[in-house]
Amino acid sequence: MGLPVFKATKCGHFTKNKGFVSAFGETITTKMPVQSDGSYEWCLSCIEKMAIKCAWCNKGIMIGDIVTVSAIDSHPHLHKNLVFVKEETEALLGCLRESCGLASEAGGRWIPGEDGHGKVGSLL
């Protein structure tokens with residue numbers, strides 16, 4: 001028997017609570033976080049669209065991944081993947097793959113934003 005289908009409260013699309021998400025040549029299995037009332041905020045398709053590319057390796061950063069946050073000024077030649085971190089602040093976001101970042105450089109977790117785009121959230 002298949003997984004049940006739910007209507008996501010933020011995007012309004014119907015979704016399963018677990019499934020595949022693909023972006024930038026990578027596919028992962030994602031389990032949607034359940035809200036306290038038993039609902040799910042976003043569908044798998046919208047979560048997929050929130051993925052971004054790492055500023056260094058160009059591989060995907062998916063919702064739930066830990067990211068590094070670097071000031072643009074510290075890397076002037078890497079302006080290809082800018083992301084707004086807070087309000088008007090732009091920063092370069094990287095992944096924690098072996099060739100990109102160290103765990104000690106973790107600056108947050110890539111999470112869904114209220115506007116349907118990803119954003120940097122707390123590590124907790």
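What percentage of the 124 residues of the protein count as buried? The answer is 35%. Keep that in mind as you look around, and remember that this is a predicted model.

**Stop 1: the whole chain**

Start with everything selected and colour by secondary structure. You will find one helix and 11 strands in the protein. Reading along the sequence, the order is β-β-β-β-α-β-β-β-β-β-β-β, with the helix following four strands and preceding seven more.

Now switch on a surface. The protein exposes about 7700 Å², and 54% of that area is supplied by carbon and sulfur atoms. If you like contact maps, here is a figure to go with yours: among contacts with a separation of 6 or more, 52% are between residues 24 or more positions apart.

**Stop 2: the S3–S4 hairpin**

Hide the surface and select residues 18-23, which make up strand S3, together with residues 26-31, which make up strand S4. The two strands pair in the antiparallel sense, over six bridges. They form a hairpin, with two residues between them.

Two cross-strand positions are good to label. Gly19 stands opposite Thr30 in S4, and Ser22 stands opposite Thr27, also in S4.

Next, zoom in on the turn and pick Phe24, which sits in the loop between S3 and S4. Check its backbone torsions: phi is positive, at about 55°, although Phe24 is not a glycine. Is Phe24 buried, partly exposed or exposed? With a relative accessible area of 39%, Phe24 is partly exposed.

**Stop 3: Thr30 and its surroundings**

Stay in strand S4 and select Thr30. Its relative accessibility is 13%, so Thr30 counts as buried, the cut-off being under 20%. Which residues is Thr30 in contact with, leaving aside its neighbours within four places in sequence? Show Asn17, Lys18, Gly19, Val21 and Leu44 to see them. Gly19 in that list is also the residue that stands opposite Thr30.

**Stop 4: the nonpolar core**

In soluble globular proteins, nonpolar side chains tend to be buried together. To see what this model has of that kind, look for its largest nonpolar core, a set of 22 residues. Select Met32, Trp42, Ile47, Ile61 and Trp110, the members with the most contacts inside this core. S3 and H1 each supply at least two of the core residues, and the largest share, three residues, comes from H1.

Then centre the view on Met32. Setting aside its neighbours within four places in sequence, Met32 is in contact with Lys16, Asn17, Tyr40, Trp42, Cys43, Leu44 and Ile47. Two of the residues in that list, Asn17 and Leu44, may look familiar, as Thr30 is in contact with them too.

**Stop 5: an aromatic pair**

From Met32, move to its contact Tyr40 and add Phe6. How many aromatic pairs does the count come to? It comes to one, and Phe6 and Tyr40 form it. The ring centres are 4.8 Å apart, with 50° between the planes, which makes the pair tilted.

The pair links distant parts of the chain, 34 residues apart. Phe6 is in strand S1 (residues 5-7), whereas Tyr40 is in the loop between S4 and helix H1 (44-49). Their exposure is worth a look as well: Tyr40 is buried, with a relative accessible area of 8%, while Phe6 is partly exposed, with 25%.

**Stop 6: the cysteines**

Show the cysteine sulfurs. How many disulfides does a search of the whole structure find? It finds zero. Cys46 is in no disulfide, and the nearest cysteine sulfur, that of Cys43, is 3.6 Å away. Cys57 is in no disulfide either; there the nearest cysteine sulfur belongs to Cys100, at 3.6 Å. Both distances can be set against the cut-off for a disulfide, which is within 2.5 Å.

Cys46 counts as buried, at 11% relative accessibility, whereas Cys57 is partly exposed, with a relative accessible area of 24%.

**Last stop: Asn58**

Finish one residue along from Cys57, at Asn58, in the loop between strand S5 (52-53) and strand S6 (60-61). Asn58 has a positive phi of about 65° although it is not a glycine. With 31% relative accessibility, Asn58 counts as partly exposed.

How values were computed: Residues are numbered from 1 along each chain as its sequence is written. This is a predicted model: local features need pLDDT of at least 70, side-chain atom pairs count only at pLDDT 80 or more; totals for chains, interfaces and linings use all residues. Side-chain values use heavy atoms; hydrogens and water are left out. Two strands pair if DSSP finds at least two bridges between them. Buried means under 20% relative accessible area, exposed over 50%, partly exposed in between (1.4 Å probe, protein chains only). Contact means heavy atoms within 4.5 Å. Rings of Phe, Tyr and Trp (its six-membered ring) pair if their centres lie within 6.5 Å; planes under 30 degrees apart count as stacked, over 60 as edge-to-face and the rest as tilted. Accessible areas come from the Shrake-Rupley method with a 1.4 Å probe; for residues, only the protein chains shown count as cover. A nonpolar core is a set of buried Ala, Val, Leu, Ile, Met, Phe, Trp, Tyr and Cys residues joined through side-chain atoms within 4.5 Å.
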